[in-house]
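Here is a friendly walk through the model shown below. Keep the viewer open and follow along from one site to the next.

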Amino acid sequence: MAWWHTATAYQIYPRSFQDSNGDGFGDIPGIIRRLPYLHELGIQLIWLTPMYPSPGYDNGYDISDYQTIDPRYGTLTDFKEMLAVAHRYHIRIMMDLVLNHTSTEHPWFKASRQDKTNPYADFYFWADAAAGQVPTNWLSRFSGSTWEWDDQRQQYYLHIFEQHMPDLNWDNPVLRKKILAMMAWWAEQGIDGFRLDVINMISKRIPFGNVSRATPQDDGRAYYINGPHVHHYLQLMNQKIFAPNHMITVGELASAGVAETGEFTNPANHELAMAFSFEHLKIDYTDGRKWTLGQFSLPALKAVLTKWQVGIAREHGWNALFWTNHDQPRAISRFLNDDRYRIESQKLLAIVQFGLQGTPYIYQGEEIGMRNAYFTNIDQYDDRESRNAYAAMRQEGVDTATALAILQQKSRDNARTPMHWNHTPNYGFTTGTPWLQPGLDDPVTVKDALADPQSIFALYQQLIAARPAYPVFTDGDFHMLAPDDTTVMHYQRRNQTAVLSVWANWSGTPQSRRAADLRNTRLLAHNYPDGLQIAGELFTLRPYEAVLLVGKQVQ
Ligand code: TEU
């Protein structure tokens with residue numbers, strides 16, 4: 001068993017975490033100041049989203065220099081101090097590395113666009129117009145075509161994401177060498193690992209061609225998801241960088257199924273330690289389309305969780321468990337009740353997440369139950385993906401109110417609002433003007449949570465501590481009981497000696513179930529302050545009530 005099988009990770013979105021110099025932008029000294037807080041929470045691993053220099057079209061995922069820190073976050077010296085302090089707390093740090101694309105401001109792209117013969121000419125994907133049209137009819141993940149015309153080179157370049165984020169051509173051996181040298185340099189700086197952005201997109205299927213566009217998925221991704229050399233490239237990184245430096249890795253796998261995810265994370269393949277998959281977060285997409293007002297059904301969520309729990313165990317892989325990140329709305333607003341039952345709802349999510357097999361990730365603010373921003377005006381949004389989607393919806397005839405309601409439900413900015421530390425202006429995030437406004441008024445801050453033994457924070461502490469104490473969290477197999485039940489989720493994890501059970505009422509009305517099912521169990525985590533309500537043959541789960549129990553395996 002590896003250390004990270006029982007560890008809990010925490011994702012920091014640095015620009016919204018803690019500002020230290022009043023510029024409205026979170027920074028490294030701010031993170032250093034808050035490390036004792038994360039230590040108190042009990043996490044052992046941090047994922048930091050990108051902090052490299054960047055023009056900021058995609059909040060740092062458009063990197064213009066891989067080998068230093070963006071001055072808005074601090075200096076490389078600050079970064080090293082952060083590492084040293086984290087290590088004193090036995091917290092490891094993963095950098096977010098974006099290897100699928102760079103910024104158009106990266107020197108490689110600036111050289112590449114000059115002409116067709118320079119040494120960087122093939123570092124990116126360039127193509128001539130096809131009959132006066134874009135080279136292929138693929139759709140960018142940020143709306144519109146994946147191709148942008150470049151006047152200088154008189155060709156189109158490929159960008160799966162925003163137009164200032166051209167895709168790198170990994171088939172070029174010189175590029176691979178430069179990237180590996182850059183990764184080795186980060187290893188020398190003392191970092192503990194990498195979160196690898198859309199890593200299953202780096203190998204493209206050549207030659208490119210048009211797609212039918214018959215379904216939302218038929219948007220060109222067949223040419224770039226899990227391409228022909230992706231495993232080779234990851235094995236190369238593992239052999240040269242991850243393994244010799246004992247690094248921890250988590251890959252972001254876009255549109256990957258269970259079998260592929262197993263291949264990436266099976267230790268026998270020497271690629272990644274674990275991976276994020278997204279099927280459970282597409283549960284409220286209508287016909288696979290994100291920018292719609294989605295419906296959510298509990299049996300559908302259960303089916304997806306079961307598929308991944310059973311499937312990844314079968315493939316000998318490892319899941320990264322998460323409900324949200326900087327690209328997703330807040331899960332309490334999305335799946336539960338973020339108002340009257342907000343505390344119960346966030347605790348339910350924690351209990352359901354921590355009972356599963358995998359390494360749990362807490363996204364900043366989840367531990368205090370932060371909710372969606374509920375912005376009411378398009379100007380409050382900063383994110384280009386959301387703004388482009390809004391423009392596209394308006395163009396397709398969606399009225400303003402509906403388009404704004406869709407953003408309130410789906411925009412990434414919902415999770416990017418500044419962290420709520422205390423009740424001073426801007427929740428103690430900054431003394432200046434925050435880069436993104438805080439959302440709705442919020443009664444709960446970190447300061448309140450730390451003073452309350454019944455807080456959401458306290459429950460996360462308890463769950464984090466429980467995982468290493470009970471092997472069944474790590475090695476228990478998975479059984480979803482009553483998969484068609486539309487209100488209550490009940491699953492079990494079993495190993496040779498123990499049974500872990502989770503019960504969770506995903507509705508606002510009380511639900512009664514058989515008390516016999518609770519026999520010989522001990523309560524490990526609960527989201528109501530008193531015990532379970534048992535009367536005769538039945539026990540009743542109150543609105544959004546959730547409990548995690550352990551018992552002995554009866555052979
Ligand atoms: O996201 C990958 C990705 O596939 C996105 O399309 C994601 O599904 C979308 O943002 C959800 O709204 C990664 C990063 O996490 C994201 O922040 C970046 O924008 C993207 O890569 C490009 O680097």
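## A buried leucine and its neighbours

Leu168 has a relative accessible area of 0%, so this residue counts as buried. This comes from a predicted model, as does everything else in this report. Leu168 sits in the loop that runs between strand 6 (155–158) and helix 4. Its surroundings are well populated: beyond four places in sequence, Leu168 contacts Tyr66, Leu99, Asn100, His101, Thr102, Trp108, Phe123, Tyr124, Phe125, Leu175, Ile179 and Lys204. One of these partners, Phe123, is 45 residues away in sequence, while the C-alpha atoms of Leu168 and Phe123 are 5.8 Å apart.

Ile179, another residue on that contact list, belongs to helix 4 (residues 173–188). Is Ile179 buried or exposed? Its relative accessibility is 0%, so Ile179 is buried. Setting aside residues up to four places away in sequence, Ile179 touches Leu99, Trp108, Leu168 and Trp170. Leu99 and Trp108 also appear among the contacts of Leu168. Met237 lies 58 residues from Ile179 along the chain, with 9.4 Å between their C-alpha atoms.

## Two asparagines that reach backbone oxygens

Asn118 is placed in the loop between helix 3 (107–112) and strand 4 (126–127). With 12% relative accessibility, Asn118 is buried, because the cut-off for that class is under 20%. Which backbone oxygen does the side chain of Asn118 reach? It is that of Ala111, at 3.0 Å. Apart from neighbours within four places in sequence, Asn118 is in contact with Ala111 and Ser112.

Asn319 lies in the loop between helix 7 (298–314) and strand 10 (320–321). Its relative accessibility is 7%, so Asn319 is buried too. A polar atom of the Asn319 side chain is 3.4 Å from the backbone oxygen of Trp308. Trp308 is also among the contacts of Asn319 beyond four places in sequence, together with Met274, Ala275, Gln309, Ile312, Gln357, Gly358 and Thr359.

## Helix 1 against helix 2

Two packed helices are described by the angle between their axes and the distance between the axes. For helix 1 (residues 28–41) and helix 2 (residues 76–88), the axes come within 9 Å and cross at roughly 10°. The two helices are therefore roughly parallel to each other.

On the helix 1 side, the contact is made by Ile28, Pro29, Ile31, Ile32 and Leu35. Helix 2 contributes Asp78, Phe79, Glu81, Met82, Val85 and Ala86. Sorted by class, the contact has nine nonpolar residues, two charged residues and no polar ones.

## Backbone geometry to check

Most residues other than glycine have a negative phi, and most peptide bonds are trans. A few sites in this model are worth a look with that in mind. His90, in the loop between helix 2 and strand 3 (92–97), has a positive phi near 60°. With a relative accessible area of 65%, His90 is exposed. Ala482 also has a positive phi, of about 45°, and is found in the loop between strand 12 (477–481) and strand 13 (488–494). Ala482 is partly exposed, at a relative accessible area of 45%.

The peptide bond joining Ile206 and Pro207 is cis, with omega about -5°. Pro207 is in the loop between strand 7 and helix 5. Pro216 is also placed in the loop between strand 7 (193–196) and helix 5 (230–242). Pro216 has a relative accessible area of 34% and is partly exposed. Its contacts, leaving out neighbours within four places in sequence, are Arg221, Asp287, Gly288 and Arg289. Between Pro216 and Trp4 there are 36 Å from C-alpha to C-alpha, and the two are 212 residues apart in sequence.

## The domain layout

How is the protein chain assigned to domains? Domain 1 is given as 3–103 + 173–378 + 412–464, domain 2 as 104–167, domain 3 as 379–410 and domain 4 as 473–552.

The C-alpha centres of domain 1 and domain 3 are 24 Å apart. In the contact between them, 23 residues come from domain 1 and 19 residues from domain 3.

Definitions and conventions: Residues numbered from 1 in each chain as written. Predicted model: local features only at pLDDT ≥ 70, side-chain atom pairs only at ≥ 80, totals over all residues. Heavy atoms only, no water. Helix = DSSP H or I, 4+ residues; strand = E, 2+ residues; numbered from the N terminus. Buried < 20%, exposed > 50% of the residue type's maximum accessible area, 1.4 Å probe, protein only. Polar contact = N/O pair within 3.5 Å; in protein donor to acceptor, adjacent residues only side chain to side chain. Contact = heavy atoms within 4.5 Å. Axes fitted to C-alpha atoms, helices over the stretch in contact; angles between N-to-C directions. Parallel < 35°, antiparallel > 145°, perpendicular 65-115°, else oblique. Nonpolar A, V, L, I, M, F, W, Y, C, P; charged D, E, K, R; others polar. Domains from an automatic or database assignment.
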